[in-house]
Amino acid sequence: MTTAADPLREQVRSAIRDQPFRTRTVLSSLLSVQDSVGYLPEAAIDEVALATDATINEVWGVASFYPNFRFKPPADHTVEVCWGPTCHVLGAQRLLQDALAQLGLENEGETPDGRVGLKLNTCLGVCAHGPAMAFDHALVGRITPETARARVAAMRGGAA
Amino acid sequence: MSDAFTRLEERATVRWADLNAKPWIRVGTGLMGEAAGALETLDAIRREVSKLGLDATITEVGTTGLCYAEPLVDVQTPGGPRILYANAAPQHAPAIVECHVKDGRPVEELALGSVDVDVPGVPRREELPMMRLQRRVALRNAGEIEPGDIDQYVARGGFAGLDKALAMEPGAVLEEVKQSGLRGRGGAAFPTGVKWGFLAGNSSPVKYILCNCEEGDPGAFNDKTVLESDPLTLIEGCVIAGYATGASNGVVFIRHGHDAPIDRTRKAIDACYADGLLGVDILGSGFSFDVEVSLVGESYVAGEETALMEAVEGKRSMPRFRPPFPAAYGVWGKPSNINNIKTIAYVPEIIRNGAEWFAAIGTERSKGTAIACLSGHVRYSGLVEVPFGLTMRQVVEELGGGDPDGKPIKFLQTGGPLGGLLASEQLDMALDFDEMAKAGAMFGSGGLIVCNDETSAVDLTRVLVAFDQMESCGKCFPCRLGMSHLLEILERACAGASRPGDLELMERVGGNMRSGSLCGHGQLGYNPVSSALSAFGAEFEAQMRGEGPLPIGPFVGPKHALRGAQLEGETPTAAVKGDFVYAAEPVPAAAGGGA
Ligand SMILES: Cc1cc2nc3c(=O)[nH]c(=O)nc-3n(C[C@H](O)[C@H](O)[C@H](O)COP(=O)(O)O)c2cc1C
Ligand code: SF4
Ligand code: FES
């Protein structure tokens, strides 16, 4: 468990050590690792267990419960589509299905080359500007199908 | 007035005068602003100001609520007019900066409204359709001050409520909140003073005030707006709540993922510690109180009070059994009080102006203001704070301006994903907790999704149920399986392939959920269906026969429909999904044995 020069493990440890929370818990530690590393590598589970005096099972239990945790490195780019009710009535399904078709996906997931990941979001929090999408976490409101297609195409690195 | 507060006020007065002595540009850059492109506008303004070498203050503020007009740039010049510029794109920055900031002449073509001073050809901000009926209490500083800046907050009356409270007996502060008639804004409308009384009655030395900003309701964005526009009003309210109930710690509980509310709240907490407004011996009163931020992963149920306590402890956000109730055994086993953050954000003004002042706003039993989030098919989308007692129609049609293309409004979706549909004929109902409850509607946390006559009630109900299904925490089966089952039945309805008896089946499933679920998620989970059926029963039945009046397109929902299922492979719960519970149910003969 204690491998010496493992840079990923070091990054995990410092994320846990430097987390911006006064009260440190399994959840706060996992969130901090994901923010720093971009996902939860294997090392995160046992390092968090060690740091919070929890069991491996408890840590897995928390990590598997919240769908924002991921266990593989993220794709180079992320597209988020809001499917919440406001965006739905304003045409979110069209945006979503265009993006799926463009990326050759059937649902949330990543392109096989790992360039673009697509994620459905239950509400991006900007309903007054629906329909909303986010590209590499930058929010875009009142998005048109044309803009969405162009942005996805740019991420995919090919023509629309 | 305490010496410490007098010193703060003096400092604030000087800072406020300095700020007003030169041009002041405010740009709304919260989440809403970002989605509208305000960050690019902000950059353009900064570039222009430095290019012309002007001495102007540029401040990032929260949102005014006039979201339809974003990006919104607010320019004020000493002795000159103060103007709000609507839909200010980067290319408008040169005109705004050159004419208004430099020469003091408003750019009329871009002006939305003027503040304080009349400007020919520009309406007053208060006269805008979306502003006319508003009354700002919790949102009084939104868009006006830099979020988390103590001086600006104090200059507008901030911390005067806390200073006043600290000079009173805690019991008198509690009594004041009771007298004000303040009721919880998190959904259940429980009297806040009564709830605080439970905590005050517990003599434990460590007690918690939990401020709930989970805000998982899609369509609601008012909690995040309070935090990103004026986090100090929450912190001040939280300290007053702590003082009134004898609590020692406050926790602001926010969903991970939205940076602006989180960062601004953290900054405000740090500033309070630096100025002796948090920590030991607050304002020299002898009262000590700590506040920290706690974040949670994506989970709707984390907003439920006992699930929230689990999440603060770092666990899965699964509700606890009650009793014991939070005031006896809450987070970390300590007595706790939970309020929505809007509820707490009202407290400073209630104490500063007195219970009677607050109780004079609103209706007989719904006191104060309601903060509604207008989205969907609505011209003036955004956030409005209005006294209780206005009708829903006034909110949607006068403040919201109705459908942007003038199409008829068919219904509102209110009360979040566990709420329901309010048909347009019901819009003359007054905004009032009890009136709405009597009519079977919920104001909930204030999300009003406006839907025109091209919206299928069946389709939207499916979206709500798809949401509730994926958000079930999975602890109890009436909710976990019932939600999945409801979704399957609605999928069939949307495809026009319902089986005979589906309506009765939904009702039975819904009844089981209501009586057999542990928390409000399952207990209320049938609401969206039952309310849609009562308002649009005929449309439902036609759709179920495949003769629906409105086309329903294909629907892709989230893949991780079950908690825990994002791990590779099937989870144990996946195996018992679907027809497991009801497979033994006899299928009516007319269905020909079912699909
Ligand atoms: C499934 C579920 C989700 C909830 N989500 C929230 C929420 O996001 N924010 C909130 O303030 N209250 C939420 N509540 C209500 C809380 O349990 C609690 O009643 C509320 O925070 C109390 O605050 P109040 O007295 O100020 O209204 C939720 C309740 C349930 C059953
Ligand atoms: S009712 Fe639903 S959300 Fe609530 S505890 Fe049961 S399974 Fe979880
Ligand atoms: S529903 Fe899409 S941003 Fe809220």
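1. Let's start with the aromatic rings: searching the whole structure turns up 15 aromatic pairs over all chains. Take B:Phe287 and B:Phe289, whose ring centres are 6.0 Å apart and whose planes meet at 20°, so this pair is stacked. Please keep in mind that you are looking at a predicted model.

2. Are these two residues of chain B buried or exposed? B:Phe287 has a relative accessibility of 13%, so B:Phe287 counts as buried. B:Phe289 is buried as well, with a relative accessible area of 1%. The cut-off helps here: buried means under 20% relative accessible area.

3. Now turn to another pair in chain B. The rings of B:Phe388 and B:Phe433 have centres 4.9 Å apart, and their planes are at 50°, so the pair is tilted. Where do these residues sit along the chain? B:Phe388 belongs to the loop between strand E11 (382-387) and helix H15 (392-399) of chain B, while B:Phe433 is in helix H16 (residues 433-438) of chain B. With their positions 45 residues apart, the pair links distant parts of the chain. B:Phe388 and B:Phe433 are both buried.

4. Chain A is worth a look too. There, A:Phe65, A:Tyr66 and A:Phe69 are joined into a cluster by ring pairs.

5. Finally, have a look at charges over rings. B:Arg26 lies over the face of B:Trp24, 3.7 Å from the ring centre. For B:Lys410, the charged end sits over the ring of B:Phe536, at 5.4 Å from the centre of that ring.

Methods. Residues are numbered from 1 along each chain as its sequence is written. Chains are lettered from A and ligands numbered from 1 in the order in which they are written. This is a predicted model: local features need pLDDT of at least 70, side-chain atom pairs count only at pLDDT 80 or more; totals for chains, interfaces and linings use all residues. Side-chain values use heavy atoms; hydrogens and water are left out. Rings of Phe, Tyr and Trp (its six-membered ring) pair if their centres lie within 6.5 Å; planes under 30 degrees apart count as stacked, over 60 as edge-to-face and the rest as tilted. Buried means under 20% relative accessible area, exposed over 50%, partly exposed in between (1.4 Å probe, protein chains only). Helices (H or I, at least four residues) and strands (E, at least two) are DSSP runs, numbered from the N terminus. A charge sits over a ring if NZ of Lys or CZ of Arg is within 6 Å of the ring centre and within 35 degrees of the ring normal.
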